[in-house]
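Hi,

Here is the structure I promised to pass on. Have a look at it first, and my notes follow underneath.

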Amino acid sequence: MDGAHLFQLGIGLETGAQEEDIRVRDADICDTIIDRDVLDADREDHFIRKDGRVFAGTHLIIEVVDGTGLDDEARIQRAFRDCVEECGATLLHIHTHKFSPQGVSGVAVLAESHISVHTWPEIGYGAFDVFMCGDAEPWRAVDVLARAFETADVRVKELLRGDGLVTEG
């Protein structure tokens with residue numbers, strides 16, 4: 001496998017993103033693994049603290065039903081940008097792919113997580129995921145998507161990611 005394929009798989013990227021632990025190497029401490037302390041007051045974890053709960057982020061499963069324009073790649077990209085702006089998120093990258101004869105898949109990678117979609121325009125259906133952490137407001141994406149795809153039928157399920165894994169100390 002050549003370097004280009006390894007890059008596509010994310011292998012060999014020097015980002016540190018693969019590190020799940022902090023490894024300490026010292027003459028006295030040989031290959032000890034120290035777990036990250038998610039309750040450390042100095043750590044900026046971007047967990048959400050709301051109504052006595054602590055969770056990583058809000059993940060919305062959004063179904064656009066009887067929508068129009070769900071085969072239009074540019075329209076989907078504009079909807080992603082509008083969602084990012086309305087929700088107060090930070091856009092890092094958008095990638096979409098148009099299928100033949102119809103349908104679009106895409107993702108907007110955010111500093112706060114992502115927005116993704118797969119569409120079935122032949123039946124007016126778009127399956128969106130909006131997952132955001134930090135101060136972003138993912139619920140604001142619902143109205144944006146309803147307007148973008150000209151429908152009043154938008155169905156939403158909410159999941160609080162990481163809920164209950166971390167408690168306040």
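**Strand pairing, the pocket and the salt bridges**

Val64 has Val154 in E10 as its bridge partner. Keep in mind as you read that this is a predicted model.

That pair belongs to a longer run: E5 and E10 are antiparallel and joined by nine bridges. E5 also pairs with strand E9 (residues 125-132), again antiparallel, through seven bridges. On that side, Ile61 sits opposite Asp129 of E9. So how covered is E5, with its residues 57-65? Mostly covered: seven of the nine residues in the strand are buried, and the cut-off for that is under 20% relative accessible area.

Next, the pocket, which I guess you'll want to open up anyway. The largest one has a volume of about 290 Å³. It is lined by 17 residues, and those closest to the centre are Ile48, Lys50, Phe55, Thr58 and Ala136. Strands E3 (48-50), E4 (53-55) and E10 (153-161) are the elements that each give two or more residues to the lining. E3 provides the largest share, with three residues. E10 therefore turns up twice in this story, as a partner of E5 and as part of the pocket lining. As for chemistry, the lining has seven nonpolar, seven charged and three polar residues.

Then the charges. Side chains of opposite charge can pair when their charged atoms come close. How many salt bridges does the structure hold? There are seven, and here are some of them:

- Asp82 and Arg78 meet at 3.1 Å, N to O. Both are in helix H2 (residues 73-87), four residues apart, which is about one turn of the helix. Asp82 counts as partly exposed because its relative accessibility is 30%, and Arg78 does too, at 43%.
- Arg155 and Asp153 have their closest N and O atoms 2.9 Å apart. Arg155 is partly exposed at 45% relative accessibility, and Asp153 is partly exposed at 23%.
- Glu137 and Arg140 have their closest N and O atoms 3.7 Å apart. Glu137 is partly exposed at 43% relative accessibility, as is Arg140 at 39%.

Glu137 and Arg140 also have company: salt bridges with shared partners link Glu86, Glu137 and Arg140 into one network.

That's what I have for now. Shout if anything looks odd on your screen.

Cheers

Note on methods:
Residues numbered from 1 in each chain as written. Predicted model: local features only at pLDDT ≥ 70, side-chain atom pairs only at ≥ 80, totals over all residues. Heavy atoms only, no water. 1 Å grid on protein atoms, 1.4 Å probe; cavity = no way out; pocket = protein on both sides within 12 Å on 5 of 7 lines; lining within 4 Å. Points joined across faces, edges and corners; volume = space filled by probe spheres on them. Nonpolar A, V, L, I, M, F, W, Y, C, P; charged D, E, K, R; others polar. Buried < 20%, exposed > 50% of the residue type's maximum accessible area, 1.4 Å probe, protein only. Pairing = 2+ DSSP bridges. Salt bridge = Lys/Arg side-chain N within 4 Å of Asp/Glu carboxyl O.
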